[in-house]
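Student: I am new to this structure and would like to look closely at a single part of it. Could you take me through that part slowly, in one connected answer?

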Amino acid sequence: IRPAAWAFYVVLVFEILFMISPAALFFYSVYGPVLGFLNGTPATAWLTQFFLPHIAATGNPVLDHARVAGGLLIVLGLIVLLAGAVPLYWSKIRRRGAVTGGIYRLVRHPQYVGLAVMGLGTLVLWPRFFVLVAFVTMLFLYRQLAGWEEAQCLARFGDSYRVYRERTGMSLPRLASVRLPRLLPAGGVS
């Protein structure tokens with residue numbers, strides 16, 4: 001994981017340095033016609049207006065207010081992250097069992113949900129293709145990590161965790177079970 005973290009850091013720093021260097025002038029002069037075409041066509045204008053806001057004026061009230069929405073998503077994600085982290089680490093310090101109260105009554109992985117919401121806020125606040133790729137990669141890796149953690153919890157807590165898992169959503173709260181009338185016989189269609 002350490003080499004991947006360093007690679008991520010290097011790419012991030014490289015993008016920032018590139019955008020403030022004279023090489024950025026070359027980039028925009030060479031790719032300017034392509035970016036101009038994308039910005040000039042209504043079907044693709046949102047791409048440059050959202051992911052390259054420093055070269056395009058949106059004129060779109062939704063995109064113009066995206067920074068506020070991004071900031072609010074980051075704050076909301078931080079609140080959800082802390083609401084999940086505090087009871088979990090408090091339980092670890094006190095050597096208690098699995099945490100199933102508080103926000104954990106709604107979702108099994110509130111910390112990942114909080115980080116995902118913060119990531120979405122970051123994408124909205126600082127929209128770049130690199131951030132989009134990092135966000136999608138983060139979601140995929142958190143899903144994999146959550147599956148591994150659930151296997152560990154099943155091994156450690158057994159049936160009590162299995163019951164908890166059945167009644168609690170992984171990343172979104174489960175909807176209250178609603179009994180619908182049976183339209184087909186129990187055996188199916190014959």
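Student: Which element gives the most to the lining of the largest pocket?

Tutor: Please keep in mind from the start that this is a predicted model. The element you ask about is α7, which gives 6 residues to the lining of the largest pocket. This helix covers residues 129-157, and it is a useful part to follow through the structure.

Let us begin with the pocket itself, which has a volume of about 620 Å³ and is lined by 25 residues. Those that lie nearest its centre are Leu88, Lys92, Tyr104, Glu149 and Cys153. Besides α7, the elements that give two or more residues to this lining are α5 (66-93), α6 and α8. When the lining residues of the largest pocket are divided by class, 13 are nonpolar, 6 are polar and 6 are charged.

The second largest pocket, with a volume of about 410 Å³, brings us back to the same helix, since α7 gives the most to that lining as well, with 7 residues. At least two residues of the lining are also supplied by α1 (2-19). Among the residues that line this second pocket are Ile1, Phe8, Phe130, Met138, Leu141 and Tyr142. By class, the lining of the second largest pocket holds 10 nonpolar residues and 1 polar residue, with no charged ones.

Tyr142, which we have just met in that lining, also leads us to the aromatic pairs, of which the structure holds 2. The rings of Tyr112 and Tyr142 have their centres 4.8 Å apart and their planes at 15°, and because planes under 30 degrees apart count as stacked, this pair is stacked. The pair links distant parts of the chain, with Tyr112 in helix α6 (residues 110-125) and Tyr142 in helix α7, 30 residues apart. As for their surroundings, Tyr112 is buried, with a relative accessible area of 15%, whereas Tyr142 is partly exposed at 23%, the cut-off for buried being under 20%.

The other pair is formed by Tyr161 and Tyr164, whose ring centres are 5.6 Å apart and whose planes stand at 55°, so this pair is tilted. Tyr161 and Tyr164 are 3 residues apart in helix α8 (residues 159-167), which means that about one helical turn separates them. Both of these residues are buried, Tyr161 with a relative accessible area of 6% and Tyr164 with one of 3%.

Conventions. Residues are numbered from 1 along each chain as its sequence is written. This is a predicted model: local features need pLDDT of at least 70, side-chain atom pairs count only at pLDDT 80 or more; totals for chains, interfaces and linings use all residues. Side-chain values use heavy atoms; hydrogens and water are left out. Rings of Phe, Tyr and Trp (its six-membered ring) pair if their centres lie within 6.5 Å; planes under 30 degrees apart count as stacked, over 60 as edge-to-face and the rest as tilted. Helices (H or I, at least four residues) and strands (E, at least two) are DSSP runs, numbered from the N terminus. Buried means under 20% relative accessible area, exposed over 50%, partly exposed in between (1.4 Å probe, protein chains only). On a 1 Å grid over the protein atoms alone, a cavity is a set of points where a 1.4 Å probe fits but cannot get out, and a pocket is an open set with protein on both sides within 12 Å along at least five of seven lines; lining residues have an atom within 4 Å of a point. Grid points are joined across faces, edges and corners, and a volume is the space filled by probe spheres set on the points. Ala, Val, Leu, Ile, Met, Phe, Trp, Tyr, Cys and Pro count as nonpolar, Asp, Glu, Lys and Arg as charged, and the others, Gly among them, as polar.
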